[in-house]
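Welcome! Take a moment to look over the sequence and turn the 3D view around before reading on. The notes below walk through a few places worth finding.

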Amino acid sequence: MAFESVNKVAEADFPTRWGAFRIMGFEGVLPSARPCCEHGEASGKRVEGLVALVMGDIHAEAPIVRIHSQCLTGDVFGSLRCDCRLQLELALRKIADEGAGILLYEQQEGRGIGLMAKLKAYELQDSGLDTVEANVELGFAPDCRAYELPAEVLKLLGVSAVRLITNNPEKVSALQAAGIEVTERVSAEVEAQDTFERYLRTKQAKMGHILDSIPDALVGEE
């Protein structure tokens with residue numbers, strides 16, 4: 001779905017324990033809500049937000065970039081039901097190690113279904129469903145996210161090619177389709193823990209995520 005407009009709304013210095021960034025806020029206006037939930041269609045325009053953390057010279061060469069979907073439970077509360085916070089910190093370390101790069105943080109909680117629906121999905125997972133089955137049971141697609149806004153923000157930043165930190169081939173395809181060249185896919189794989197190994201196997205088996213540390217023999221168990 002094409003954005004009617006994408007604009008930078010704020011920019012400031014942003015010191016972190018990984019180093020000094022510039023933090024930028026962007027908003028994109030869509031003509032209507034995304035048709036993901038099966039429970040009905042929302043009307044009216046929708047505003048989507050994205051925060052970019054930018055470090056160093058991002059124009060000397062294709063910068064290392066991470067598109068990270070908001071995960072309150074993991075990023076803030078340290079949940080070990082998923083690998084989100086570990087991936088976020090991995091990406092920030094990689095950017096800091098190179099001295100340049102971009103983190104694009106999207107407001108797409110629960111793969112786009114929202115926080116309350118995500119908690120309902122947790123409840124269903126506790127009764128035995130996997131993360132994909134829980135989303136579908138609630139009337140959502142397995143993954144409601146879209147990546148047009150990150151692509152538009154990269155264009156506003158003057159970046160036309162990136163090295164993308166991801167295990168998700170859909171992110172690579174989405175950026176390429178939007179006119180951003182992905183010159184390299186950099187693994188975002190973290191060490192699996194017992195609390196989220198099933199979650200990772202589900203993403204590998206049902207969503208096509210690339211996870212080299214999980215043997216193919218285990219995929220069929222999910």
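**Aromatic rings and a charge**

A count of aromatic pairs in this structure comes to zero. Keep in mind as you explore that this is a predicted model. One ring does have a charged partner, though: Arg 81 lies over the face of Tyr 122, 4.1 Å from the ring centre.

**Arg 81 and its other partner**

- The side chain of Arg 81 also makes a polar contact with the side chain of Asp 126, at 3.2 Å.
- Asp 126 belongs to helix H4, which covers residues 115-126.
- Asp 126 counts as exposed because its relative accessibility is 61%, and the cut-off for exposed is over 50%.

**Helix H7 and its two faces**

- Which residues of helix H7 (residues 169-177) are buried? They are Lys 171, Val 172 and Leu 175.
- These buried residues sit on the same side of H7, because they cover an arc of only 100 degrees around the axis.
- As a general rule, an α-helix has 3.6 residues a turn, so residues three or four places apart point the same way.
- Turn to the face of H7 that points away from the buried side, and you will find the exposed residues Glu 170 and Ala 177.
- What do the buried residues of H7 pack against? Their partners are strand S4 (64-69), helix H6 (148-156), strand S6 (161-165) and strand S7 (181-186).
- At the N-terminal end, Asn 168 acts as a cap for H7, with a side-chain oxygen 2.9 Å from the backbone nitrogen of Glu 170.
- Just past H7, Gly 179 has a positive phi of about 95 degrees.

**Helix H6, a packing partner**

- Helix H6 is one of the elements that the buried residues of H7 pack against.
- H6 has buried residues of its own: Leu 149, Pro 150, Ala 151, Val 153 and Leu 154.
- Just after H6 comes Gly 158, with a positive phi of about 80 degrees.

**An unusual backbone angle**

- Most residues other than glycine have a negative phi.
- Arg 111 is not a glycine, yet its phi is positive, near 55 degrees.
- You can find Arg 111 in helix H3, residues 109-112.
- Is Arg 111 buried or exposed? Arg 111 counts as buried, because its relative accessibility is 10% and buried means under 20%.

**Cysteines without a bond**

- How many disulfides does a search of the whole structure find? The search finds zero.
- Cys 71 is in no disulfide, and its nearest cysteine sulfur, that of Cys 84, is 3.7 Å away.
- For Cys 82, the closest cysteine sulfur is in Cys 84, 3.5 Å away, which is too far for a bond because a disulfide needs the sulfur atoms within 2.5 Å.
- Cys 71 is buried, at 3% relative accessibility, and Cys 82 is buried too, with a relative accessible area of 5%.

**Lys 94 and its contacts**

- Lys 94 lies in helix H2, which runs over residues 84-98.
- With a relative accessible area of 27%, Lys 94 is partly exposed.
- Leaving aside neighbours within four places in sequence, Lys 94 is in contact with Ile 64, Ile 165, Val 186 and Ser 187.
- Lys 94 and Ile 165 are 71 residues apart along the chain, while their C-alpha atoms are separated by 9.1 Å.

Notes: Residues are numbered from 1 along each chain as its sequence is written. This is a predicted model: local features need pLDDT of at least 70, side-chain atom pairs count only at pLDDT 80 or more; totals for chains, interfaces and linings use all residues. Side-chain values use heavy atoms; hydrogens and water are left out. Helices (H or I, at least four residues) and strands (E, at least two) are DSSP runs, numbered from the N terminus. Buried means under 20% relative accessible area, exposed over 50%, partly exposed in between (1.4 Å probe, protein chains only). Rings of Phe, Tyr and Trp (its six-membered ring) pair if their centres lie within 6.5 Å; planes under 30 degrees apart count as stacked, over 60 as edge-to-face and the rest as tilted. A charge sits over a ring if NZ of Lys or CZ of Arg is within 6 Å of the ring centre and within 35 degrees of the ring normal. The arc is that of the directions from the helix axis to the C-beta atoms. Contact means heavy atoms within 4.5 Å. A polar contact is a pair of N or O atoms within 3.5 Å; within protein, one must be able to donate a hydrogen and the other to accept it, and residues adjacent in sequence count only if both atoms are side-chain atoms.
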